[in-house]
Amino acid sequence: MTAARSAAVPQPSSFKLEENRELRIAWSDGHITRFPLQIFRDECPCAECSGESDIFGEVKMPVQLPIARPGKYDLKSLTPIGNYAVAAVWGDGHDSGIYSWEYLLRMESKQAAAANAPTDPADN
Ligand SMILES: [Zn+2]
C-alpha cells in the first residue's frame with residue numbers, strides 16, 4: 001500500500017453506458033475503465049450490499065438468496081456527489097451505493113487482477 005497515492009487520484013472525465021451493458025469511464029489521466037453493469041452492481045459499496053468485505057482479498061458477500069430482482073442490473077442514473085464520487089440508481093430502486101473515485105480505481109485493480117489471475121491448480 002502506498003500512502004502517497006491519495007494526493008493524485010485521477011478523476012473521471014466522462015461516464016458512458018455502452019450498448020453492451022458496460023459502463024465506460026474515461027479518466028483525467030487518459031486511461032479508460034470498463035465495468036460490466038453486473039460487476040458494477042455486485043461491487044456496490046453500500047453497507048447493505050458489501051458488508052465488511054476486503055476488496056483485495058476474497059470477497060465475502062452477505063448471505064443472500066440467489067434471486068436476481070427485476071432491474072437489479074439496470075443502471076438508471078449516475079448522480080455526481082461533490083467532486084469525489086457518483087451515486088448509482090438501479091432499476092430495482094437501489095440507490096444507496098456511493099462510488100468514490102478511489103473505490104472505482106480499486107474496483108478496476110481488482111477486475112484486472114481477476115482477469116490475470118492464474119487458474120486455480122485445483123481446477124486442472
Ligand atoms: Zn448497495
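L75 stands opposite W90, a residue of strand 5. That pair is a handy way into this predicted model, since it sits where two neighbouring strands meet: strand 4 and strand 5 (residues 85-90) are joined by 6 bridges and run antiparallel. Let's build outwards from there.

**The sheet**
- Strand 4 and strand 5 belong to an open sheet of 3 strands, lined up in the order 4-5-6 with antiparallel pairing.
- Why do strand 4 (75-81) and strand 6 (97-100) each have one side without a neighbour in the sheet? They stand at the edges and have a single partner strand each, so one side of each is left free of a neighbour.
- Going from one strand to the next, the twist averages 30°.
- As for what does the joining, strands of a sheet pair through backbone hydrogen bonds, and they can do so in a parallel or antiparallel way.

**The helix across it**
- Which strands does helix 3 lie across? Helix 3, made of residues 101-116, lies across strand 5 and strand 6.
- Helix 3 runs at about 80° to strand 6.

**The whole protein**
- Stepping back, the protein's secondary structure comes to 3 helices and 6 strands.
- Read from the N terminus, the elements go β-β-β-α-α-β-β-β-α.
- How many of the 124 residues count as buried? The share is 11%.
- Take the contacts between residues at least 6 apart in sequence: 30% of them join residues at least 24 apart.

Technical notes: Residues are numbered from 1 along each chain as its sequence is written. This is a predicted model: local features need pLDDT of at least 70, side-chain atom pairs count only at pLDDT 80 or more; totals for chains, interfaces and linings use all residues. Two strands pair if DSSP finds at least two bridges between them. Helices (H or I, at least four residues) and strands (E, at least two) are DSSP runs, numbered from the N terminus. Axes are lines fitted to C-alpha atoms, for helices over the stretch in contact, and angles run from 0 to 180 degrees between N-to-C directions. Two residues are in contact if their C-beta atoms, placed from the backbone, lie within 7 Å. A residue is buried if 20 or more other C-beta atoms lie within 10 Å of its own, exposed if 12 or fewer, and partly exposed in between; C-beta atoms are placed from the backbone.
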